[in-house]
Structures are given as C-alpha cells and as structure tokens.
Amino acid sequence: MTSAQYISFFIVLISLLAFAPTGFSGKTSGGYLYPQFYDHSCPQAQEIVKYIVSKAVYKETRMAASLIRLHFHDCFVKGCDASILLDSSGSIVSEKRSNPNLNSARGFEVLDEIKSALEKECPHTVSCADILTLAARDSSVLTGGPSWEVPLGRRDSMGASLSGSNNNIPAPNNTFQTILTKFKLKGLDIVDLVALSGSHTIGNSRCTSFRQRLYNQTGNGLADSTLHPSYAAELRTGCPRSGGDQNLFFLDFVSPTKFDNCYFKNLLASKGLLSSDQILVTQNEVSMELVKKYAENNELFFEQFAKSMVKMGNISPLTGSRGEIRKNCRIVNS
C-alpha cells in the first residue's frame, strides 16, 4: 500500500468511526447495543423509567434489589430478552414458576407500569428487555450505588424456558465451582462473579434459602462452621428448624438499604447470610482476594460492579429483526 493509499484508507476509517455508536457497544448477531438507541425514537424513555423506578423504590426500598435480581435472573436464562416477564399462556410455561423465582421474584407490577407509560409516550418502540436493564441501573443509583451508561437495543423473546431458569441460575447452596461454571457459561468470569455478588449489599433473603446453614441433623451446633456463631444464633430466632420459610432477613445486616461495600466486610467477618455468599472467602483464593479488595475500596467495587453489569446485560441479546417489541411485557404479541 502506497503512502497516499494508506492516508486515504486512514481517512475513511476515521470517518466510519465518527458515525459509529459511542459509549459501550456490544456486537451481537443482528446488530449493536448502544446507549443512544432511543435518542430519536423515544427520547424520554430513560427519564420515564427512572421516574417510575424512583417512585417504587421511595415507596419500598427493597424494590431496588428486586429489580436488579430480576435482570440477573432474566439474563442467565436464554440471554437478556425479558423471558422472565412472560406469564404462562398457550405453549409458554412461565419462568416465574421455577425454583429460583417461585414466591421470590417480584417487581413485575413496576415493570408493567413503566411499559404502560412508554407505550403511551412512544408506542411499540421500547423493549421490555431494555426496560429491565435500565430499571436495574436506576435501582443501583437510587440506593447510593454506581451509575453507568446502559447499552440499548435489545428485543423481547417470544418464549420462556422453565428448565433454563431451574438449571442456569446459581442457587444459594451451590458449590463455588458450580456457581463459577454457571457464570463462565454466560461469558462471565470470576471477577464478574464476585462483583455482581456485591448486589447483595441490598435486599432480603428468605429463611428457606439459608436454613441448612443453621441446623445440623441432630440439632446440636451449627451445620455450617463458616457462619459466625453469634450471627447464627441471631438468625435462628427468626428462622426455626421448621416453618417460617418466607420469613425475610437482610442480606447485609449492617446497611441493608444502602448500596455499599459492607457486604464484603461481612463476608470477612464470617457473617454472609447465604452459603453462596460466604464461599467467596472460604472456597477460592482468587475470589477471597477480590473480596478483600472490595472490602477495602468501595470505589473499586463500584467501578467493577458497573463494568460487570454492562457485561451481564450483553448476554445473548436479541437484536435487529430477531424477537419482537412486546406491547405487554407479560404476553407475546398476538
């Protein structure tokens, strides 16, 4: 290539880059995700989502954690396609019936309200999958956590996967290796695993999710020696050996409604509520070192959490002509 040809090529390349989507853009089969996706088709979209999420979180702080969890449970099943929002109908068996979601997944009414408002503002434009992603980001910000630019342009699935929901979502009693494998199958690594687990700095968990840590078979002593005895004793007062399955406990008892790094400090003190929390410091040296770093440096945790949320939000999205833009997040278009 001559110098003149090289200069011409370089000028063309720069011109192309100038018109490419700015910010983070995830290349997917069928198109790109980029933050400005609705700038012209529905410029008020992000403000509408933020307003309704703010209203919901102001009414009930716990809702922030519930919306982040919904996004997580959606992306780990078939990708970030809002399949979790579908009710059972026709040939669709809802993911809401799965073990990880039954009696615990919540926030669907908030998403219904957002979708209804967006359909009035700009009909058949903003996907339920993008609404979920934006709601998760806003939930972080509203509780004092980090913000980030959300790549947009996802479309909605036309089906659900009950088996995928039962098998792909990490469970509270999974081993570290099982959880890490589930993350790796979605293109996420050990850094993402530890950072995203930090979302447990807000929200609640049910007694049934950690009871096995409190009682051994004979009833004497702890079933889980990695749990601090005084913390375990406190938990047993509200989580009996039988009954009380739905009793709620803070995932981070120090600052349960504030998005911060206390979750990691709790783990170092053997006061992680779920087994899947505590194993981050007991079963893997790399994850333990990451926990220590995030416990020492809140800013570092925030920075990585934002990166990992963007990465998770880019798991197998439907773009281009794939999927659809649902009019109602609970049902596919007729």
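Where does N174 lie? In this predicted model, N174 is placed in the loop between α6 (162-168) and α7. The report starts from that residue, continues through α7 and α8, and then turns to the empty spaces of the fold.

**Overall architecture**

The protein contains 13 helices and four strands. Of its 334 residues, 51% are buried. Among contacts with a separation of 6 or more, 74% are between residues 24 or more positions apart. The accessible surface amounts to about 15400 Å², and carbon and sulfur atoms account for 54% of that surface.

**The loop before α7, and α7 itself**

N174 counts as buried because its relative accessibility is 16%, with the limit for burial set at under 20%. Its side chain takes part in two polar pairings described here. One reaches the backbone nitrogen of A171 at 2.9 Å. The other is a polar contact of 3.0 Å with the side chain of K182. Once neighbours within four places in sequence are set aside, N174 is in contact with I179, K182 and I279. K182 thus appears both in the polar contact and in the contact list of N174.

L180 belongs to helix α7. This leucine has a relative accessible area of 6% and is therefore buried. Beyond residues up to four places away in sequence, L180 touches D189, I190 and L193. The C-alpha atoms of L180 and I190 are separated by 6.6 Å, although the two residues are 10 apart along the chain.

**Helix α8**

Two of the residues touched by L180, I190 and L193, are also among the buried residues of α8. This helix is mostly covered, with seven of its eight residues buried. The buried set consists of I190, D192, L193, V194, A195, L196 and S197. These residues pack against α7, α10 (262-268), α11, α12 (285-296) and α13. At the N-terminal end of α8, D189 acts as a cap: one of its side-chain oxygens lies 3.1 Å from the backbone nitrogen of V191. D189 is also one of the residues touched by L180.

**Pockets and cavity**

Rolling a probe the size of a water molecule over the atoms shows where empty space is left. The table lists the spaces described below.

| Space | Volume | Lining by class |
|---|---|---|
| Largest pocket | about 1000 Å³ | 20 nonpolar, 16 polar, six charged residues |
| Second largest pocket | about 160 Å³ | four nonpolar, no polar, five charged residues |
| Largest cavity | about 50 Å³ | six nonpolar, three polar, one charged residues |

The largest pocket is lined by 42 residues. Those nearest its centre are R69, H73, P172, H200 and L274. At least two lining residues come from each of α3 (62-75), α7 (176-184), α8 (190-197), β3 (204-206), α11 (275-282) and α13 (298-312). The greatest contribution is that of α3, which supplies seven residues. Helices α7 and α8 therefore recur here as contributors to the lining under the element assignment used.

The second largest pocket is bordered by I52, K55, A56, K59, E60, M63, E109, V110 and E113. Both α2 (45-59) and α4 (108-121) provide at least two of its lining residues. The largest share, four residues, comes from α2. No polar residue is counted in this lining, which divides into four nonpolar and five charged residues.

How many cavities of 30 Å³ or more does a search of the whole structure find? The search finds one. The residues lining the largest cavity are H71, T133, A136, W148, V150, P151, R154, M309, V310 and G313. Two elements, α5 (128-142) and α13, each give two or more residues to that lining. Helix α13 also supplies at least two residues to the lining of the largest pocket, and it is one of the helices against which the buried residues of α8 pack.

**A buried serine in the loop after α3**

S83 is found in the loop between α3 and α4. Why does S83 count as buried? S83 is buried because its relative accessible area is 0%. Leaving out neighbours within four places in sequence, the residues in contact with S83 are D74, V77, K78, E95, S157, G159, A160 and R326.

Technical notes:
Residues are numbered from 1 along each chain as its sequence is written. This is a predicted model: local features need pLDDT of at least 70, side-chain atom pairs count only at pLDDT 80 or more; totals for chains, interfaces and linings use all residues. Side-chain values use heavy atoms; hydrogens and water are left out. On a 1 Å grid over the protein atoms alone, a cavity is a set of points where a 1.4 Å probe fits but cannot get out, and a pocket is an open set with protein on both sides within 12 Å along at least five of seven lines; lining residues have an atom within 4 Å of a point. Grid points are joined across faces, edges and corners, and a volume is the space filled by probe spheres set on the points. Ala, Val, Leu, Ile, Met, Phe, Trp, Tyr, Cys and Pro count as nonpolar, Asp, Glu, Lys and Arg as charged, and the others, Gly among them, as polar. Buried means under 20% relative accessible area, exposed over 50%, partly exposed in between (1.4 Å probe, protein chains only). Contact means heavy atoms within 4.5 Å. Accessible areas come from the Shrake-Rupley method with a 1.4 Å probe; for residues, only the protein chains shown count as cover. A polar contact is a pair of N or O atoms within 3.5 Å; within protein, one must be able to donate a hydrogen and the other to accept it, and residues adjacent in sequence count only if both atoms are side-chain atoms.
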